[in-house]
Amino acid sequence: MTGQRQSKVAVSVDLDAVACYYRIHALGEPPVGRARFAILRRCLPRFAELFARHDLRATFFVVGADLEADGEGRALLGELARAGHELGNHTHTHRYDFARLPSAEMAAEIDRAHAVVGACAGAAPIGFRAPGYAINAEALDLLRARGYRYDSSVFPSAAYYGAKAVVMAAMRALGRPSGSFLDDPRVLLAPRAPYRPAPGAPYRRGAGAGDGLVELPIAVTPLARLHVIGTSLIVAPDWLRRHMVAVALRAPFFNLELHGIDLADAEADEIPPALVARQPDLRRSLGHKLAALDETLAAAQAAGARFVTLRDADALSA
Ligand SMILES: [Zn+2]
């Protein structure tokens, strides 16, 4: 053994349905054919295989209403939970205005998903991720009151925030406002490493350790704060992807966030062309995307990192 600290890599997958992307891009009525259940029925099995190849247990953030609507997806997620993967709460209906809802509605979004995700996993979820990365102090209090151990919604990426602001302004100018919302800009100053948020200030480290809820921010690079998530790994040129991964692996904890749609095969999964036209990641072949993620996970192993689920992050027991 060298004296070097072994880094931990937690891979999570947000299982946002294709309908979510319709809301972001203001595309109107979501698709009803194969694309409707494509994320749980077509993409999720590809993630299961990818993770099995790397002997990795991941965290899946599940939208409660999608579980209720899809018995096939529910069965697969139950199987994955029994195999040691973690199921987290991604709200009941994935409203992008979640953090702007009145407290009772926010609580209902958490509680309904808590019940169906817990029933599917066989154990109550202890981790939460907000839709569109927008969290607030009130939501964290609701999670604490329900025994949640961590939240993983904070995404302190200036590049992502800036790009999202530009696209949303353009859509507003075109008279087709996005269904998405921008987070509080204070998120850009949030710590990059796990922390216990101060009361009333989700983006600030609180005083003292305590046993409160832990925030597990999504990975960004130091200084430039480039977002190291599935979409950026898939669309980046090879050299940039390898660079971002190498930098992220230098941190003691690498919280790698992916989305179900990252392993969509646009043609075979019948993703409508209107959506494919708006998302460059959907225009990459499934082979390319799998190769990018395979290479990333292999790089983590080569660097001596250990894969953990988010519920097993060191910060929760520190
Ligand atoms: Zn989501």
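The lining of the largest pocket in this predicted model is a mix: 14 of its residues are nonpolar, 11 are polar and six are charged. That pocket has a volume of about 820 Å³. The second largest pocket comes in at about 500 Å³.

**The largest pocket**
- There are 31 lining residues here, and the closest to the centre are Ile 24, His 25, Tyr 160, Thr 231 and Gln 279.
- Three elements, α1 (18–24), α7 (158–173) and α8, each give two or more residues to this lining.
- Helix α7 chips in with the largest share, six residues.

**The second largest pocket**
- This one is lined by 26 residues, with Arg 192, Ala 193, Pro 194, Pro 252 and Phe 253 the closest to its centre.
- Both α9 and β9 give two or more residues to the lining, and the largest share, three residues, comes from β9.
- Its lining has 19 nonpolar residues, along with two polar and five charged ones.

**Strands β2 and β3**
- Look for β2 (residues 59–62) and β3 running parallel, paired over four bridges.
- Phe 61 sits opposite Gly 88 of β3.
- In a regular strand, side chains alternate between the two faces of the sheet.
- Strand β3 (residues 86–89) is covered on both faces: Glu 86 and Gly 88 are buried on one side, Leu 87 and Asn 89 on the other.

**Helix α11**
- Helix α11 (residues 286–302) has 17 residues and spans 24 Å from first C-alpha to last, close to the 24 Å expected.
- Its buried residues include Leu 286, Leu 293 and Ala 300.
- Among the elements covering the buried residues of α11 are β1 (8–14), α2 (38–53) and β10 (306–308).
- Just past the helix, Gly 304 has a positive phi of about 85 degrees.

Methods: Residues are numbered from 1 along each chain as its sequence is written. This is a predicted model: local features need pLDDT of at least 70, side-chain atom pairs count only at pLDDT 80 or more; totals for chains, interfaces and linings use all residues. Side-chain values use heavy atoms; hydrogens and water are left out. Buried means under 20% relative accessible area, exposed over 50%, partly exposed in between (1.4 Å probe, protein chains only). Two strands pair if DSSP finds at least two bridges between them. The expected span of a helix is 1.5 Å times one less than its number of residues. Contact means heavy atoms within 4.5 Å. On a 1 Å grid over the protein atoms alone, a cavity is a set of points where a 1.4 Å probe fits but cannot get out, and a pocket is an open set with protein on both sides within 12 Å along at least five of seven lines; lining residues have an atom within 4 Å of a point. Grid points are joined across faces, edges and corners, and a volume is the space filled by probe spheres set on the points. Ala, Val, Leu, Ile, Met, Phe, Trp, Tyr, Cys and Pro count as nonpolar, Asp, Glu, Lys and Arg as charged, and the others, Gly among them, as polar.
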